[in-house]
Amino acid sequence: MIPHRFDYVAPDSLAGCIEALNTAAPAGGDGEDARVLAGGTWVLPEMSRAESRPARLVDLRRAGLGGVTGTGSGLSVGAMCTYAELLASPDVLRHAPLLHTMAEGITGGWALRSQATVGGSAVSARPQSDVPGALVACGAVARAVGPEGERRFPVAELFAAAMHSSLLPGEVLTGFDVPSTAGAGSGYVKLKRGGSSWPIATAAALVRLGDEGVCRQVSLVLGAVTATPLRVDVDAALVGTTPGDDGVREAAHLAGAAVDEPWDDLLAPGSYRAAVAAPIARRALTMALVAARTTIQETRA
Amino acid sequence: MSDPTTTSTVDLTLTVNGERRTAAVDGRALLLDALRDGFGVTGPKSGCRTGDCGACTVRVEGLIAKSCLRLAVAEQGAQVQTLEGLATDGALTPLQSAFWENNAFQCGYCLSGMLFAAEDLLERVPSPTEGQIREAISGNLCRCTGYDAIVDAIASCAGGERPNDRPGGAPA
């Protein structure tokens, strides 16, 4: 039972949700402000523990924000898209396999895959979540709609601080545009203590190779090791080279050195997170390189 | 906009284990609380109430779900299956029999959730590897630490094979 009294609404349109979010809840409740409910996996436990006391809960379930679809240039991921929907989508495998790999390993078991949402996880901005780092690595653009209309911004800007998104009061995150990474190799590695543990460190890597195996483009983002996703510039170690073990090791070294303010919590101290950043980065880059070489071989065949 | 539920008790109608029923529940109740206190089905257990332990797992509209992460009023009209809805006419399901044969529960608190997680796995992957089994129950915690027996029980049902059909599968 949630201890405080609140109003629950589930409008059947986005406009209705934004209106409900921006008008006062009826008298009789004893909370403050309004809060959006997506999958509920963070919001409801916070309310049960009285850490969050919204006067009104605006459920997005009928607002038409679910699912993932292929666009001409990539993916449109709805804020209410579940991990199960990501996993079932051939468009995700084609355009952003990194998101598929990420969704396969989320914390909480299969029940969470059809319950938790990509948008909800992003707005929660938990340092230990898989979603923030993976979206940043994919170069996703966030879409948010408020009373003043829609704005679009690089998803990295959504993660303002640990547990804080940059959404403005009264705004609803509606989804993401994810550019296609088809042709690039992707790698995703997460270090966790046990089967049901939250990640201690994640690394997402994308590598694009030219015809002769020369690295044209590389992208590396660490998650869970800092309060918000950490993009590391490893171009100097890999771009323009035919990447081998030395180059990958150098890139991983750059990743480890970039962690100057590590995230620290009960799961692992900051010093540990900083220490594991480089090896996790190395594994993700190696995985991405293998995938990129495979892609080239398949194209030639 | 729907009626405010701020202070009220709500008539919640669910199809619980195939039977359409209505119960008066507090508008602040989680689905877990509504099932146990409003509908009187106590198969789903209250454990961590944060979505970690899986003791409250049920099926909502056919998909396994942690009922502590759902607001009861949001599920108006939904089909819900609980532990009570697994066995038909008193006959255990093959998975339930396998858990019995393998001593795969001790205190039994995690059992309901384990059965749903296992059933969900076997529907997706009829012959899972041990790794797939362990991954499938990663959202369900057993504090009696009986995981090996649980994995054995699930593995014994691989390929739809009933544990009682195996040579030497008689109760210990």
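A residue counts as buried under 20% relative accessible area, as exposed over 50%, and as partly exposed in between. Keep that in mind as we look at this predicted model.

Q: Why is B:Phe105 called partly exposed?
A: B:Phe105 has 32% relative accessibility. Partly exposed covers the range between under 20% and over 50%, so B:Phe105 at 32% counts as partly exposed.

Q: Where does B:Phe105 sit, and which residues join it in a nonpolar patch?
A: B:Phe105 is in the loop between helix 2 (94–101) and helix 3 (111–124) of chain B. Its partners in the surface patch are B:Leu92 and B:Trp100, and together the three have about 320 Å² of accessible area.

Q: What makes helix 2 of chain B oblique to helix 5 of chain B?
A: Their axes cross at roughly 140° and come within 8 Å, with helix 5 spanning residues 147–155. Only angles over 145 degrees count as roughly antiparallel, and 65 to 115 as roughly perpendicular. The angle fits neither, so helix 2 of chain B is oblique to helix 5 of chain B. The crossing of these two helices is right-handed.

Q: How do you know that A:Arg35 and A:Glu46 form a salt bridge?
A: The cut-off between a side-chain nitrogen of Lys or Arg and a carboxyl oxygen of Asp or Glu is within 4 Å. The closest N and O atoms of A:Arg35 and A:Glu46 are 2.8 Å apart, so the pair qualifies. This pair links distant parts of the chain: A:Arg35 is in strand 2 (residues 34–37) of chain A and A:Glu46 in helix 2 (residues 43–48) of chain A, 11 residues apart.

Q: Is A:Glu46 buried or exposed?
A: A:Glu46 has 10% relative accessibility. The limit for buried is under 20%, so A:Glu46 counts as buried. Its partner A:Arg35, at 24%, is partly exposed.

Q: Why is A:Asp246 called exposed?
A: A:Asp246 has 57% relative accessibility. Exposed means over 50%, so A:Asp246 counts as exposed. A:Arg249, at 47%, counts as partly exposed. These two residues form a salt bridge, with their closest N and O atoms 3.1 Å apart. Both lie in helix 10 (residues 245–258) of chain A, three residues apart, about one turn of the helix.

Q: Which residues are linked in a network of salt bridges?
A: The network links A:Asp59, A:Arg61, B:Arg70 and B:Glu75. Over all chains, the whole structure has 23 salt bridges.

Terms used:
Residues numbered from 1 in each chain as written. Chains lettered and ligands numbered in written order. Predicted model: local features only at pLDDT ≥ 70, side-chain atom pairs only at ≥ 80, totals over all residues. Heavy atoms only, no water. Patch = residues over 30% accessible without salt bridge, like charges linked within 9 Å, V, L, I, M, F, W, Y side chains within 5 Å. Areas by Shrake-Rupley, 256 points an atom, 1.4 Å probe, with all protein chains shown as cover. Helix = DSSP H or I, 4+ residues; strand = E, 2+ residues; numbered from the N terminus. Buried < 20%, exposed > 50% of the residue type's maximum accessible area, 1.4 Å probe, protein only. Axes fitted to C-alpha atoms, helices over the stretch in contact; angles between N-to-C directions. Parallel < 35°, antiparallel > 145°, perpendicular 65-115°, else oblique. Left-handed = near helix turned anticlockwise from the far one by under 90°.
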